[in-house]
Amino acid sequence: MNGNIQELMKCSIENFGDSYIDTSLLSYEPHEFSARFERKMRKLIKKQRRFYFPLVKTPLRLSFTVIAMVILMTVTTMMSVGAVREAVFRFFSDIFGSTSTVHVTVDNQHPETIEEIYDITYDLSDFTLDSKDENEWFRRIEYIYEDKVLVFYQDTQDMFEGSVINTEDADIKETEVNGFPATYFLDNHGNNKIIWDNGKYIFTILANLPKEEVFEIAKSVKASE
Amino acid sequence: MLGAYLTLIDNESDKKLFEAFYTGYKSMMYNVAFDIIHDVHLAEDAVMNSFFILARNMEKVSDQTMSEVRNFLVVVVRNQAIKIYNKQKDITYCDDALDDVSDNINVVYELENKELQRKVFGYIKELDSSYSDVLMMKYFYGMKTAEIAKSLGLTAEGVHTRLRRATVKIRQKLAEEAMT
């Protein structure tokens, strides 16, 4: 079989391309990466896990991804002896892409790590725990019941910063959860999504359940005893 | 809802792969970048950029073997490091300024001749990596011009120019050998 130079190069590379990189590269000194690097990479790995990531990971789609939503979180005053903090956030700009990147003004009031565990206290007895992922900076718990999926996130503010959210065709509304300003929208997969900041952590509830039920679930999120 | 499930499964698998690549290759990539930039923070930036590029190309590499992914990451991090180095030194590498070269010579080659393939691959490895990396991305990883451009920090025109010049160089090598 004969062919032109491009076809010959293609055959050569397909058959011998494995040896392109010198294997001496495999012998190297382990490098201790900076905290900044590790933090950024944790975020990236976390985003890999989020199911909307395929929507934005291709270069073409990324080109349509515009930073469109900015949440400014300012901290809060101590309201009482109980030290309840009220978070305030606002949205700036318009949504004009299929996704939005959330930017948070990271302050020094929110804990840098998960020091207090929050959980849903709503009756989820019909659901089963499908997966649970947690580390110092975030928790993700997924419950399923038949074709229903419910995902709960508890993020540190720093971890949440830069999250990419599928907001295609979404009508984003400002609302509240237990007195804390919140954001609600129905995404184009039919999931109701609520995000709120209680002054300590940023919570997200995402579920293909009725809106009212999702709000009830959000309201039931409490610090574990 | 099935779509959401499938995406979840897909992504979970991608995530595990991504973490495996990250854990397995980050130090190696750092060394590749550091050898070019000689700056700890800039080398880390090159590694970070490369993992972002990997994240965008998980579909391309998820079927590859670990060593093939390693090679992909070496190519990407090397180019990211060069890009950062050039930026720091304010070096502008303009492919468009290269001499235009014709690639319209119709020579026919025996595609199944393994010795010829081996020889050609040897020539490809001898090329400057700015050319051979583009060839690898195109023919080994099956990437499109826009994907190569994004991964290596080039323009689409730059990718085409390098492919064209690489092709001419390989053809010249083959012609020179035929003369001897």
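Let's start with Lys173(A), which is partly exposed at a relative accessible area of 39%; here buried means under 20% relative accessible area, exposed over 50%, and partly exposed in between, using a 1.4 Å probe and protein chains only. Its salt-bridge partner is Asp171(A), with the closest N and O atoms 2.6 Å apart. Asp171(A) is partly exposed too, with a relative accessible area of 48%. For a salt bridge, the rule asks for a side-chain nitrogen of Lys or Arg within 4 Å of a carboxyl oxygen of Asp or Glu. Side chains of opposite charge can pair when their charged atoms come close.

A word on the ground rules. This is a predicted model, in which local features need pLDDT of at least 70 and side-chain atom pairs count only at pLDDT 80 or more, while totals for chains, interfaces and linings use all residues. Residues are numbered from 1 along each chain as its sequence is written, chains are lettered from A and ligands numbered from 1 in the order in which they are written, and side-chain values use heavy atoms, with hydrogens and water left out.

Now zoom out to where the two chains meet. On the chain A side 59 residues are in contact with 62 residues of chain B, contact meaning heavy atoms within 4.5 Å. Together the chains bury about 5,800 Å², 66% of it on carbon and sulfur atoms; buried area is the accessible area (1.4 Å probe) that two parts lose on being put together, summed over both.

Salt bridges turn up here as well. Over all chains, the whole structure has 12 of them, and 2 lie across the interface of chain A and chain B. In one, Lys26(B) meets Glu38(A) at 3.3 Å, N to O. Another joins the side chains of Arg36(A) and Asp45(B) at 2.9 Å, N to O. That pair runs from helix H2 of chain A to helix H2 (residues 40-56) of chain B; helices (H or I, at least four residues) and strands (E, at least two) are DSSP runs, numbered from the N terminus. Arg36(A) counts as partly exposed, at 36% relative accessibility.

Polar contacts cross over too: the interface has 13 residue pairs of this kind, both residues at pLDDT 80 or more. The term covers a pair of N or O atoms within 3.5 Å; within protein, one must be able to donate a hydrogen and the other to accept it, and residues adjacent in sequence count only if both atoms are side-chain atoms. Among the elements giving two or more residues to chain A's side are strand S1 (2-3), helix H1 (5-16) and helix H2 (35-49). H1(A) supplies the largest share, 12 residues.

Strand S1(A) also pairs across the chains: 2 bridges join S1(A) to strand S1 (residues 109-110) of chain B, and the two run antiparallel. DSSP has to find at least two bridges between two strands for them to pair. Asn2(A) has Glu110(B) as its bridge partner.

Finally, take a look at helix H5 of chain B, home of Gln117(B). Is Gln117(B) buried or exposed? At 2% relative accessibility, Gln117(B) counts as buried. Its side chain makes a polar contact with that of Asn15(A), at 2.6 Å. Residues touched by Gln117(B) include Leu8(A), Cys11(A) and Ser12(A). In H5 (residues 114-126), Glu115(B) and Arg118(B) are 3 residues apart, so about one helical turn separates them. Their side chains form a salt bridge at 3.4 Å, N to O.

Methods:
Lists of a residue's contacts leave out its neighbours within four places in sequence.
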